[in-house]
Structures are given as structure tokens and as C-alpha cells.
Amino acid sequence: MSEKFYCVVDARGYSKNYVYTRADESGQEVVQHYQLLEGERLLDIAPPTKRQHAGGAGFVKPRWDEDAAAWVEGATAEELAVWEAEHPDPVSLEDKRAAKHAEISAASEAAIYAGMDVETTQGTEHFSLTEKDQINLTTAKNEIDKGAAFYPYHTDDTLCRIFTEEEINAIAQASIAHKIYHTTYCNHLFEWIRRADAAELAGITYGAELPDDLAAHMQEILMQAGAVAETEAVT
């Protein structure tokens with residue numbers, strides 16, 4: 001016999017149970033192993049995620065919001081405080097910060113390795129910046145600095161070609177700016193991690209918009225670093 005699953009909510013939309021029905025001989029759906037109480041009704045929706053501990057995802061008292069067509073938190077601030085005190089997070093804040101730090105560090109490294117676009121005589125070309133690429137680019141830049149007018153290099157997934165002095169300098173300058181940006185952004189994310197509580201920590205991801213004070217400080221650093229990057233790239 002076919003089964004259908006439903007959420008049971010009370011008259012105010014609070015989640016009460018998750019049940020299933022079966023069709024009887026007349027084809028009428030019958031709730032199995034549960035008796036609906038007065039005011040309760042069935043909703044053909046996915047059940048809410050129940051929070052397991054403080055800082056976790058989900059709801060303590062899930063309530064179905066008809067207007068939003070979504071589950072919302074039905075517990076009051078006072079009820080949440082009591083519940084969280086009774087259900088502490090098994091992972092300490094320091095452990096969460098350490099894990100987030102490692103996550104951001106890996107993401108920053110990946111962003112640097114992904115490289116950047118540079119305008120060359122062939123148009124817009126992409127250059128990765130893995131550790132090997134950085135070594136190769138440093139070698140090319142050193143030869144240009146010694147007086148070479150050109151040097152063999154390559155873009156991603158292409159054969160080598162001869163790059164001019166101007167092109168090598170442009171790639172080197174772009175690589176410095178690229179690394180400075182991601183290193184600086186990563187450093188500011190680390191500061192955010194150090195001061196964030198558990199709830200805020202969960203929302204910190206690589207690419208997230210920094211808090212206003214950190215964003216302003218990062219912008220100031222990048223503006224000052226711009227001249228440094230240009231000098232290091234062309235001298």
C-alpha cells in the first residue's frame with residue numbers, strides 16, 4: 001500500500017510530529033499510529049531541522065509560517081537562552097576558531113594559486129600562481145631585470161611563447177597585486193575569526209564581506225601597498 005508523509009502542526013503552526021498515512025479500502029487516507037488532536041492538521045512539507053545543541057543549525061521550537069511558506073524559530077529569546085544553557089555546544093569556541101582558521105587559510109592559498117588575468121599582446125590571458133608558477137615567474141622577472149628583452153613563458157594550458165619585457169613586467173606586477181590582495185584579505189578574516197562568537201563564526205567564509213572597521217582598514221592597507229607592488233614589479 002502506498003504511503004504519504006506529513007508534518008503535524010497545531011493551530012498556531014508549531015511542529016508536533018511527523019507521520020505517514022495509508023489509503024484504506026475506500027481510498028481514504030488514514031493517519032497511522034497517531035491521533036490528531038483538536039486544532040492539529042497535516043502539512044505536505046518537509047519536516048523542520050531540530051537543533052541539537054547551542055550554536056547548531058535548526059530550530060528549538062519550529063513553527064510553520066504560512067506567509068513565508070517556511071519554518072521559522074518559534075521559541076522566544078528567553079526560551080532559547082534556557083534551552084542553550086541545557087544543551088551546550090560539545091565543540092569549544094577555540095576549537096571552532098581553529099577549524100575556521102584552517103578553512104580560511106586553505107581557501108586563501110587556493111585563491112592565490114588560481115592566479116589572475118593579465119592584458120598582454122595576445123589579449124586577456126590567464127596565469128596561475130602555484131608555487132611552481134611563482135618560481136618560474138620569478139626566474140623570468142630576474143632575467144628581464146638583468147637586461148633580457150624577452151623571455152619564454154606560457155599561460156595556462158598553452159605552449160610556451162616569447163614574452164616581451166613589458167609583458168613579463170605586467171605579469172609580475174599583477175602577481176604581486178594578486179598575492180597582496182588575498183594575503184591581506186586572509187589576514188583580516190583571521191582577525192574577524194579571533195573576535196567572533198560562535199554564531200558569527202559560522203557565517204565567516206572566504207569571499208564574505210568584512211565588517212565595516214576591518215573593511216576600511218584593509219582598503220587603507222591595499223592603497224598603501226599599491227605603490228609597493230608597482231615598485232617591486234618594475235624595478
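This tour moves through the structure selection by selection, from the N-terminal strand to the pocket, the cavity, the cores and the salt bridges.

The model is predicted, so local features need pLDDT of at least 70 and side-chain atom pairs count only at pLDDT 80 or more, while totals for chains, interfaces and linings use all residues. Residues are numbered from 1 along each chain as its sequence is written, and side-chain values use heavy atoms, with hydrogens and water left out.

**Strand S1**

Select Lys 4, which sits in strand S1 (residues 3–9); helices (H or I, at least four residues) and strands (E, at least two) are DSSP runs numbered from the N terminus. Lys 4 is partly exposed at 38% relative accessibility, where buried means under 20% relative accessible area, exposed over 50%, and partly exposed in between (1.4 Å probe, protein chains only). Leaving aside residues up to four places away in sequence, Lys 4 touches Val 19, Tyr 20, Thr 21, Glu 29 and Asp 44; contact means heavy atoms within 4.5 Å. Now add His 154: its C-alpha atom is separated by 60 Å from that of Lys 4, with the two positions 150 residues apart along the chain.

**The largest cavity**

Keep His 154 and add Phe 127, Ser 128, Asp 133, Tyr 153, Thr 155 and Asp 156; together these line the largest cavity. On a 1 Å grid over the protein atoms alone, a cavity is a set of points where a 1.4 Å probe fits but cannot get out, a pocket is an open set with protein on both sides within 12 Å along at least five of seven lines, and lining residues have an atom within 4 Å of a point. The largest cavity holds about 40 Å³ of space; grid points are joined across faces, edges and corners, and a volume is the space filled by probe spheres set on the points. The count of cavities of 30 Å³ or more is one. The lining has two nonpolar, three polar and two charged residues. In this classing, Ala, Val, Leu, Ile, Met, Phe, Trp, Tyr, Cys and Pro count as nonpolar, Asp, Glu, Lys and Arg as charged, and the others, Gly among them, as polar.

**The largest pocket**

The largest pocket has about 190 Å³ of space. Select Gln 134, Leu 137, Thr 138, Ser 175 and Ile 176, which are the closest to its centre among the 12 lining residues. Helix H3 (131–145) and helix H4 (165–195) are the elements that give two or more residues to this lining, and H3 gives the most, with six. The lining divides into four nonpolar, four polar and four charged residues.

**Two nonpolar cores**

Next select Ile 104, Tyr 185, Leu 189, Trp 192, Ile 193, Ile 204 and Leu 210. Of the 14 residues in the largest nonpolar core, these touch the most other members; such a core is a set of buried Ala, Val, Leu, Ile, Met, Phe, Trp, Tyr and Cys residues joined through side-chain atoms within 4.5 Å. H4 and helix H6 (212–234) each supply at least two residues of this core, and the largest share, six residues, comes from H4. Centre on Trp 192: beyond four places in sequence, Trp 192 touches Glu 200, Ile 204, Ala 208, Glu 209, Leu 210, Pro 211 and Leu 214. A second, separate core has 11 residues, among them Leu 129, Leu 137, Ile 144 and Tyr 153.

**Salt bridges**

There are 14 salt bridges in the structure, each a side-chain nitrogen of Lys or Arg within 4 Å of a carboxyl oxygen of Asp or Glu. Select Glu 84 and Arg 51, whose side chains meet in a salt bridge (3.1 Å, N to O). Glu 84 is in helix H1 (residues 77–86) and Arg 51 in the loop between strand S4 (41–43) and strand S5 (62–65), 33 residues apart. Glu 84 is partly exposed at 31%, whereas Arg 51 is buried at 17%. Add Glu 73, which is linked with Arg 51 and Glu 84 in a network of salt bridges.

**Two positive phi angles**

Finish with His 33 and Asp 157. His 33 has a positive phi of about 60 degrees and is exposed, at 73%. Asp 157 has a positive phi of about 55 degrees, lies in the loop between strand S9 (150–153) and strand S10 (161–164), and is exposed at 83%.
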